[in-house]
Amino acid sequence: MIRDRLLRICENLWWCWDVQATELFACLHPERWEEVQHNPLMLLEELDDSTLERLHARCPGALEAVERKFDAYLAETNTWASREMAAFTGSVCYFSMEFALHESLPIYSGGLGVLAGDHLKSASDLGLPLVGVGLLYREGYFKQVIANNRQVPAWPTTPLEHTPLKKLDVFVDVPHGHHTYKAQVWELKVGRIRLYLLDSDVEGNRPEHRNLSMQLYGGDAATRIQQEVLLGIGGVRALRALKIEPTVIHMNEGHAAFAVIERWREELQAGYATAAAFERVRRTCVFTTHTPVDAGHDRFNWDLKHEALEGLREDMGLPEGAFMDLGRVQRGNVNEPLCMTVLALRGSRAANGVARLHGEVSRKMWKNLYPSLKEDEVPIGSVTNGVHAPSWMSAAMQHLLDEASPGWRDGVMPSLKAVSDERLWQMRCSLRLKLVAWANRQLGRDWLDPDALTIGFARRFAPYKRGNLLFTDPDRLAAILTHKPVQILFAGKAHPRDAAGQGILRDVLEWTRDERFRGRVIFLPDYDMALGRRLTQGVDVWLNTPRRPREASGTSGMKVPLNLGINCSILDGWWPEAFDGTNGWAIGDGVERPTPEEQDAADVESLYLLLEQQIVPEFYARDDGQVPHAWVSRMRRSLETCAHQFHTNRMVAEYTRKYYLG
Ligand SMILES: *Cc1c(COP(=O)(O)O)cnc(C)c1O
């Protein structure tokens, strides 16, 4: 039956990064496909068998082609990892608090989750023996509704029956104080990879424990530490219950650092002495740190730690303060809280930041942990982030590259040499049109112009990202937007407990209603993966204005070149590695000024000048055929210099060589 054959495809998230598979679902029922938010299980549930048969007949051969591709993908044995990691046994176990795989599974908040999701997809494509470990959240991260220029968070429950998650008959005990509670394990197929999610919403558990599986980054510090115990300690126990050998534990962010403690318990139980046991743990763990912003590192005070883990410490026969000290820069300093990053650094054989600049900043930030070493000897390296290109490149661009640059999917650097300026410009205009038409439908107005230079800015509204920097001189900005038609699309959430971030968001919302900007500066609510894809596929320019050097890497900008968009960014995060003068624009000079005020003033002046003198004129410099050739060569450079280097395939290969096999 058609239904069963389609169900088999959507039980594995592979479909969501295969153009033919997504086009198959869209082809069945284009309108409903949009309305069910690209969730094939929901689509199939709505259609009865005879309708399905009829719709299927409209897409001849499509299902068969997808089935052949899917089966071939799963059966392939000659993968990159089969050649590079032939001697590796066991598994790389990748722990993360969030995973962004598809919008229908909202267990992510933003960049960290997108990175983790893309890591799994590339690991699958490369054939790595890797499993993901995370938490299942019934409500996930909040959905953003805008009312009266304010963000109102909503926490709808995800219908798990409409996800490809499978509940396993696998339970683990998770410590809390002197007691334990149960967590159940769910399985998700991500191509050739498995992601295991822990769920504490289990019958028989106390409400406070069941609640841990509700919201991502939702509760207070007491909730957070328990979620991190569930991830770190519960995660290692889940691997054991599943009989998976964690040859390498990769802690994506300090959230997962309690995995070190559980591994230590195991080695002590196996009979190793305290220090030897810890050394054995270190040999199996690697750690990636994700932010140079101090407040971004979780810290827990003694009371919280005591409440969460005291029973476990006693069971392990360790002296009081043993766990706390592992998470303190200065052991024995009772005024220091337990920092998850410090715990992860102490418990790992290797660590890294997520861009070259972030590696440098991290070595400076944590040098006190290594008093005998010079700053450049601090053992924190860097692996620059990437994005999973097939997940973020529009279908039209994938078809164009398949034709113009075959081999791009298998690691050959993509080239646009064979494609004319006219064709590339046409592609750019049709991608912009698609976004503009969609946004106008959402807005219920014809505000946006499909031919106007379209700039995108989508970020978490954290103060250092300076979401309102552009409005420093509103009249000057208004002149820029009206001299020639320019429109700006904003999106982004502010964490419900980040008052400063909410203030900046409110500011931007108010500017969208200012008469100078109405209809030209637009805010699109509820930034998620689907909106992220639409924006990064449609815009001409992606704007990024963090206060250097606070942006660890950023990945949204890496999605833009894949769709012939161009970055205009502060030289922060990944951009100093990518920018070469021909493939985008750099705001400012990469010099850090003494005060934030001076920094902001210098950066915004540089941004205005770029817009006035370079970006807008270049976009509108047209030949007789209406093609802006200088702009198109910048589009070419953008894709050709970024698509290969900032791909998670390169990133996962680098992790494998430098960290997993090291
Ligand atoms: C890509 C993406 C991000 C990452 O954005 P940065 O601001 O570049 O770190 C965050 N959220 C969503 C929804 C994304 O798609």
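**Leu 610.** I looked up Leu 610 in this predicted model and found the residue in helix α25. Its relative accessibility is 8%, so I recorded Leu 610 as buried, the cut-off being under 20%. I then listed its contacts, leaving aside neighbours within four places in sequence: Cys 568, Trp 585, Ala 586, Ile 587 and Ile 615. I also checked Gly 588, which stands 22 residues from Leu 610 along the chain; the two C-alpha atoms are separated by 9.7 Å.

**Helix α25 and helix α20.** I next turned to the packing of α25, which spans residues 596-620, against α20, which spans residues 474-483. The angle between the two helices is about 15 degrees, and their axes lie 11 Å apart. Angles under 35 degrees count as roughly parallel, and α20 and α25 are therefore entered as roughly parallel to each other. I noted the crossing of α20 past α25 as left-handed. From α20, the residues that take part are Arg 476, Leu 477 and Ile 480. On the α25 side, they meet Glu 605, Tyr 608, Leu 609, Leu 611, Glu 612 and Val 616. I sorted the residues of this contact by character and obtained six nonpolar, three charged and no polar.

**Asp 421.** I located Asp 421 in helix α19, which covers residues 421-443. Is this residue buried or exposed? At 17% relative accessibility, Asp 421 falls under the 20% limit and so counts as buried. With neighbours within four places in sequence left aside, I found Asp 421 in contact with Val 627, His 629, Val 632 and Arg 636.

**Helix α16.** I went through helix α16, residues 356-365, for buried positions. I entered Leu 357, His 358, Gly 359, Val 361, Ser 362 and Arg 363 as buried. I then asked what covers the buried residues of α16. The cover includes the strands β12 (350-353) and β13 (380-382), together with helix α24 (575-578).

**Domains.** Finally, I consulted the domain assignment of the protein, which gives domain 1 as 2-75, domain 2 as 86-385 + 652-660 and domain 3 as 433-645. I took the C-alpha centres of domain 2 and domain 3 and found them 33 Å apart. How many residues does each of these domains bring to the contact? I recorded 32 residues from domain 2 and 34 residues from domain 3.

Technical notes
Residues are numbered from 1 along each chain as its sequence is written. This is a predicted model: local features need pLDDT of at least 70, side-chain atom pairs count only at pLDDT 80 or more; totals for chains, interfaces and linings use all residues. Side-chain values use heavy atoms; hydrogens and water are left out. Helices (H or I, at least four residues) and strands (E, at least two) are DSSP runs, numbered from the N terminus. Buried means under 20% relative accessible area, exposed over 50%, partly exposed in between (1.4 Å probe, protein chains only). Contact means heavy atoms within 4.5 Å. Axes are lines fitted to C-alpha atoms, for helices over the stretch in contact, and angles run from 0 to 180 degrees between N-to-C directions. Angles under 35 degrees count as roughly parallel, over 145 as roughly antiparallel, 65 to 115 as roughly perpendicular and the rest as oblique. A crossing is left-handed if the near helix is turned anticlockwise from the far one by less than a right angle, and right-handed if clockwise. Ala, Val, Leu, Ile, Met, Phe, Trp, Tyr, Cys and Pro count as nonpolar, Asp, Glu, Lys and Arg as charged, and the others, Gly among them, as polar. Domain bounds come from an automatic or database domain assignment.
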